Amino acid sequence: MRTTSMSHGTQGSPRQEDDEAWYQQFWPWFLIALPGSVVIAGLSTLYIANKYSDDLVVDEYYKDGLAINQELGKQAAAQELGVSAEIKVLDRRAQVRLSGGITPSMLSLRLSHPLEADRDFTVTLAPIAPGVYQSELPANVSPNWHWILEAENNQWRIDGSLSSKNFIADGSDAP
């Protein structure tokens, strides 16, 4: 209910007086809602940024730099031994054909998503034939995933990226 009374101001012009409290009127709430909506949007953005943050920046630069030097030594050892690998993926199974005259009893295959570190995983490949190793994968992979293959004794390492040629449509092309 709005009641107004008319009184004359000092200049003789009529002035309206409102008997309603400020919190019962529209304009104060409208003016409060504008910055309030910005605060809510900012908090929502902060939540989304923290929950879905990129994993591209490394916190421990020095340790990672030392690890890279060790990995380069392992890659050089693989080149000296003449080790190479061909990886094939069928559904959720990985098969590796290893060449180079060495036959480790087990291999470790690390598959890394190009952007999301929480999707990375490592599997142990067991031999199924001379020079051929296989394992089930815990998740689906796709082209552009990075792979690292290491012997069980960590003496050598080879790596690369999956491409469409690494994927088999049916079991007929398996290595």
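## Leu31 and the surface patch

Leu31 counts as exposed, because its relative accessibility is 55% and the cut-off for exposed is over 50%. In this predicted model, Leu31 lies in helix H1, which covers residues 26–51. Leu31 also belongs to a nonpolar surface patch of about 570 Å². The other residues that make this patch are Phe26, Trp27, Phe30 and Leu34.

In soluble globular proteins, nonpolar side chains tend to be buried together. The patch with Leu31 is at the surface; the nonpolar core described further below is made of buried residues.

## The chain as a whole

The protein chain has 2 helices and 9 strands. Along the sequence, these elements follow the pattern β-β-α-α-β-β-β-β-β-β-β.

Of the 175 residues in the protein chain, 23% are buried. The accessible surface comes to about 12300 Å², and carbon and sulfur atoms account for 56% of this area. Taking contacts between residues at least 6 apart in sequence, 50% join residues at least 24 apart.

## The nonpolar core

The largest nonpolar core contains 23 residues. Leu109, Leu111 and Leu149 have the most contacts inside this core. Five strands each give two or more residues to the core: S3 (84–90), S4 (93–99), S5 (107–112), S6 (121–129) and S8 (146–151).

Leu109 and Leu111 both fall within the range of S5, residues 107–112. Leaving aside residues up to four places away in sequence, Leu111 touches Asp120, Phe121, Leu137, Val141, Trp145, His146, Trp147 and Leu162.

## Strand pairing around S6

Strands S5 and S6 run antiparallel and are joined by 5 bridges. In this pairing, Leu111 stands opposite Phe121 in S6. Phe121 is also one of the residues that Leu111 touches.

S6 pairs with strand S7 (residues 132–136) as well, again in the antiparallel sense, over 3 bridges. Here Pro127 stands opposite Tyr133 in S7. S6 and S7 form a hairpin with 2 residues between the strands, and in this hairpin Gly131 takes a positive phi near 80°.

Conventions
Residues numbered from 1 in each chain as written. Predicted model: local features only at pLDDT ≥ 70, side-chain atom pairs only at ≥ 80, totals over all residues. Heavy atoms only, no water. Core = buried A, V, L, I, M, F, W, Y, C linked by side-chain atoms within 4.5 Å. Buried < 20%, exposed > 50% of the residue type's maximum accessible area, 1.4 Å probe, protein only. Helix = DSSP H or I, 4+ residues; strand = E, 2+ residues; numbered from the N terminus. Contact = heavy atoms within 4.5 Å. Areas by Shrake-Rupley, 256 points an atom, 1.4 Å probe, with all protein chains shown as cover. Patch = residues over 30% accessible without salt bridge, like charges linked within 9 Å, V, L, I, M, F, W, Y side chains within 5 Å. Salt bridge = Lys/Arg side-chain N within 4 Å of Asp/Glu carboxyl O. Pairing = 2+ DSSP bridges.
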